[in-house]
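Trainee: Please take one part of this model and go through it closely. I would like to hear about the salt bridges and the residues around them, with the whole chain as background.

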Amino acid sequence: MKGVILAGGTGSRLYPLTKVTNKHLLPVYDKPMIYYPLQTLVSAGIKEIMIVSGRGHAGHFLELLGSGSEFGVHFTYEIQEEAGGIAQALSFAEDFADGDDITVILGDNIYQDNIKADISAFTGGAKIFLKEVTDAHRFGVAELEGDRVIGIEEKPKNPKSNFAVTGLYIYDSKVFDSIKTLRPSGRGELEITDVNNYYINKDTMGYRVLEGFWSDAGTFESLFRASELVRNLHKE
């Protein structure tokens with residue numbers, strides 16, 4: 001199993017904080033944001049990790065993180081030349097994956113749960129991680145039927161459940177074949193929801209509902225909330 005952290009994007013919702021730096025380098029309480037998804041992968045036992053960033057700040061990631069030896073892992077770096085969606089960013093990891101399964105995490109997502117057992121038990125297909133929320137319309141929402149995911153709808157006006165699809169995914173090597181079949185959405189991007197629905201349509205998608213806290217940190221409100229969650233965890 002290899003890991004991929006997707007840390008591209010312009011961070012426009014956090015402007016002007018992101019005027020001179022990548023949003024994933026902003027502080028969340030006492031650490032740079034990217035340390036949190038990195039720790040999720042390291043705690044799961046993953047030793048080889050690729051970081052995909054946009055142009056302009058790739059050197060900052062290298063300066064901050066180095067080779068990975070500080071964390072007991074090995075980093076590979078890749079640049080997404082222009083914003084083309086999460087699925088497009090993931091496509092750059094095909095050579096890095098080299099036929100292995102991969103765990104993919106968005107660089108602005110912060111998790112309390114440990115996923116080591118999920119990785120150990122993974123035997124193919126895909127797995128997503130869900131969190132019950134009160135504002136499901138803001139997210140991709142999973143429609144569940146027993147132990148199966150039967151659909152994912154992106155930011156629905158009338159959500160079919162309260163289970164948000166978080167920015168953490170496990171895929172087998174077929175994920176790169178699925179990305180090659182995608183067409184850009186109305187936003188002009190290759191969407192990760194379409195990748196997930198590829199596996200759902202093949203009935204090879206699993207899921208887990210997270211118990212601990214989860215937050216993205218891509219807006220002023222969510223960045224503040226994520227910092228509070230981490231701060232409160234430090235107090236325990």
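Mentor: With 236 residues, a compact globule would have a radius of gyration near 18 Å, and the chain has 17 Å, which agrees. Keep in mind that this is a predicted model. The C-alpha trace spans about 45 × 40 × 35 Å along its principal axes. Of the 236 residues, 52% count as buried. The accessible surface comes to about 11600 Å², and carbon and sulfur atoms account for 47% of that surface.

The secondary structure amounts to 8 helices and 13 strands. Take the contacts between residues at least 6 apart in sequence: 73% of these join residues at least 24 apart. UniProt, in an unreviewed entry, places the feature "domain: Nucleotidyl transferase" at residues 2–230. Over residues 2–230 the chain is 26% helix and 30% strand, and the C-alpha atoms at the two ends are 26 Å apart.

Now the salt bridges. Side chains of opposite charge can pair when their charged atoms come close. The structure holds 14 salt bridges. In one of them, the side chain of Lys-180 meets that of Glu-94, at 3.2 Å from N to O. Lys-180 lies in helix α6 and Glu-94 in helix α4 (residues 94–97), so this pair ties together parts that are 86 residues apart in sequence. Lys-180 has a relative accessible area of 57%, so this residue is exposed. Glu-94 counts as partly exposed because its relative accessibility is 30%, and the partly exposed class runs between 20% and 50%.

A second salt bridge joins the side chains of Arg-208 and Asp-113, at 2.9 Å from N to O. This pair also links distant parts of the chain, 95 residues apart: Arg-208 is in strand β12 (residues 205–209), and Asp-113 is in the loop between β7 (109–111) and α5 (116–121). Arg-208 and Asp-113 are both buried. The two residues belong to a network of salt bridges in which Asp-113, Asp-118, Lys-127 and Arg-208 are linked.

A third salt bridge is formed by the side chains of Arg-187 and Glu-191, at 2.9 Å from N to O. Arg-187 counts as exposed because its relative accessibility is 59%. Glu-191 is at 15%, so this residue counts as buried.

The side chain of Arg-187 has another partner: it makes a polar contact with the side chain of Glu-189, at 3.3 Å. Glu-189 lies in the loop between α6 (175–180) and α7 (192–201). Leaving out residues up to four places away in sequence, Glu-189 touches Gly-84, Gly-85, Arg-183 and Pro-184. Glu-189 and Ala-87 are 102 residues apart in sequence, while their C-alpha atoms are 8.1 Å apart in space.

Helix α7 also contains Asn-197. Asn-197 has a relative accessible area of 18%, so this residue is buried; the cut-off for buried is under 20%. Not counting neighbours within four places in sequence, Asn-197 is in contact with Gly-151 and Ile-152.

Technical notes:
Residues are numbered from 1 along each chain as its sequence is written. This is a predicted model: local features need pLDDT of at least 70, side-chain atom pairs count only at pLDDT 80 or more; totals for chains, interfaces and linings use all residues. Side-chain values use heavy atoms; hydrogens and water are left out. Helices (H or I, at least four residues) and strands (E, at least two) are DSSP runs, numbered from the N terminus. Contact means heavy atoms within 4.5 Å. A polar contact is a pair of N or O atoms within 3.5 Å; within protein, one must be able to donate a hydrogen and the other to accept it, and residues adjacent in sequence count only if both atoms are side-chain atoms. UniProt positions are given in the numbering used here, feature names are shortened, and annotations may be inferred rather than shown by experiment. Buried means under 20% relative accessible area, exposed over 50%, partly exposed in between (1.4 Å probe, protein chains only). A salt bridge is a side-chain nitrogen of Lys or Arg within 4 Å of a carboxyl oxygen of Asp or Glu. The radius of gyration is taken over C-alpha atoms; the globule rule is 2.2 Å times the number of residues to the power 0.38. Accessible areas come from the Shrake-Rupley method with a 1.4 Å probe; for residues, only the protein chains shown count as cover.
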